[in-house]
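Thanks for coming. I have one structure to go through today, and I will keep it short. Please have a look at it first.

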Amino acid sequence: ADGAPAGPREYVYEGAFSLGVKRVKVLSLCSLIITTIGGPLLVVGNEMPQFAQITMAVAVVGFGISTTALLHFFTKPYVLSLKRLPDDTYEMLTPSITGGTIKHNFTREEVAATGGSFATFTVRGKGFYVHRELFEDTPEGRALLQGLLG
């Protein structure tokens, strides 16, 4: 953060889509708020029967909720940034449903490599995804990737 070069025991990984994921999450949350408020307002006072009005409002609100939930499901394992700390533990940031971040701290012993399409490794049974090719091709970058994924 201060522009100083990283020490020999620290390397920072930044996910390729970090900024995009955060922006889409905020957009999705705004969309959810708009559909939750706007859905019922669209049908109020309409000439449709009351059952049809309720059905339309529920459909619009349900669409907003389901798209936000799906986006969260698919982006939850995405690692925004990863850093090895001086004490040989790792600090990782993943996206929250609100567009913020969730911090995870873990040790190498808690990591298991996986080969799934939505998870590169697991920590305490939860899957996470990193772009292997984004680890810098330096001894430090290779050491972090090797240390993390074995």
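I will start with the chain as a whole, then go through the strands, the aromatic rings and two single residues.

A word of caution before that: this is a predicted model. The protein chain has three helices and seven strands. Reading from the N terminus, the order of elements is β-α-α-β-β-β-β-β-β-α. Of the 150 residues in the protein chain, 33% are buried. The accessible surface is about 9100 Å², and carbon and sulfur atoms account for 66% of that surface. On contacts: if we take those between residues at least 6 apart in sequence, 52% of them join residues at least 24 apart.

Now the strands. Strand β2, residues 81-84, runs antiparallel to β3, and four bridges join the two. One register point to note is S81, whose bridge partner in β3 is L93. Together β2 and β3 make a hairpin, with four residues between the strands. In that turn sits D88, with a positive phi of about 65 degrees.

Further along there is an open sheet of three strands, in the order β5-β6-β7, and the pairing is antiparallel. Which strands stand at the edges of this sheet? They are β5, residues 111-113, and β7, residues 126-128. Each has a single partner strand, so one side of each is left without a neighbour in the sheet. Direction ignored, neighbouring strands of this sheet are turned by 30 degrees against each other on average. Between β5 and β6, the latter covering residues 121-123, there are three bridges in the antiparallel sense. In that pairing, V111 has V123 in β6 as its bridge partner. As a general reminder, side chains in a regular strand alternate between the two faces of the sheet.

On to the aromatic rings. How many aromatic pairs does the structure hold? The count is seven. One of them is Y90 with F106, a stacked pair with 5.3 Å centre to centre and 20 degrees between the planes. Y90 belongs to strand β3, residues 89-95, and F106 to strand β4, residues 101-107, so the pair ties together parts that are 16 residues apart in sequence. Y90 and F106 are both buried. They also belong to a wider group: ring pairs link Y90, F106, F121 and F128 into a cluster.

Last, two single residues. The first is T75, in helix α2, which spans residues 50-75. Is T75 buried or exposed? Its relative accessibility is 12%, and buried means under 20%, so T75 counts as buried. A polar atom of the T75 side chain lies 2.8 Å from the backbone oxygen of L71. Leaving out residues up to four places away in sequence, T75 touches V21, K25 and P95.

The second is E109, which is placed in the loop between β4 and β5. Here the relative accessibility is 69%, and the cut-off for exposed is over 50%, so E109 counts as exposed. From E109 to V123 the C-alpha to C-alpha separation is 8.9 Å in space, with their positions 14 residues apart in sequence counted as a separation. V123 is the residue in β6 that came up earlier as the bridge partner of V111.

That is what I have. I am happy to go back to any of these points.

Definitions and conventions: Residues numbered from 1 in each chain as written. Predicted model: local features only at pLDDT ≥ 70, side-chain atom pairs only at ≥ 80, totals over all residues. Heavy atoms only, no water. Buried < 20%, exposed > 50% of the residue type's maximum accessible area, 1.4 Å probe, protein only. Polar contact = N/O pair within 3.5 Å; in protein donor to acceptor, adjacent residues only side chain to side chain. Contact = heavy atoms within 4.5 Å. Phe/Tyr/Trp six-rings, centres within 6.5 Å; stacked < 30°, edge-to-face > 60°. Pairing = 2+ DSSP bridges. Axes fitted to C-alpha atoms, helices over the stretch in contact; angles between N-to-C directions. Areas by Shrake-Rupley, 256 points an atom, 1.4 Å probe, with all protein chains shown as cover.
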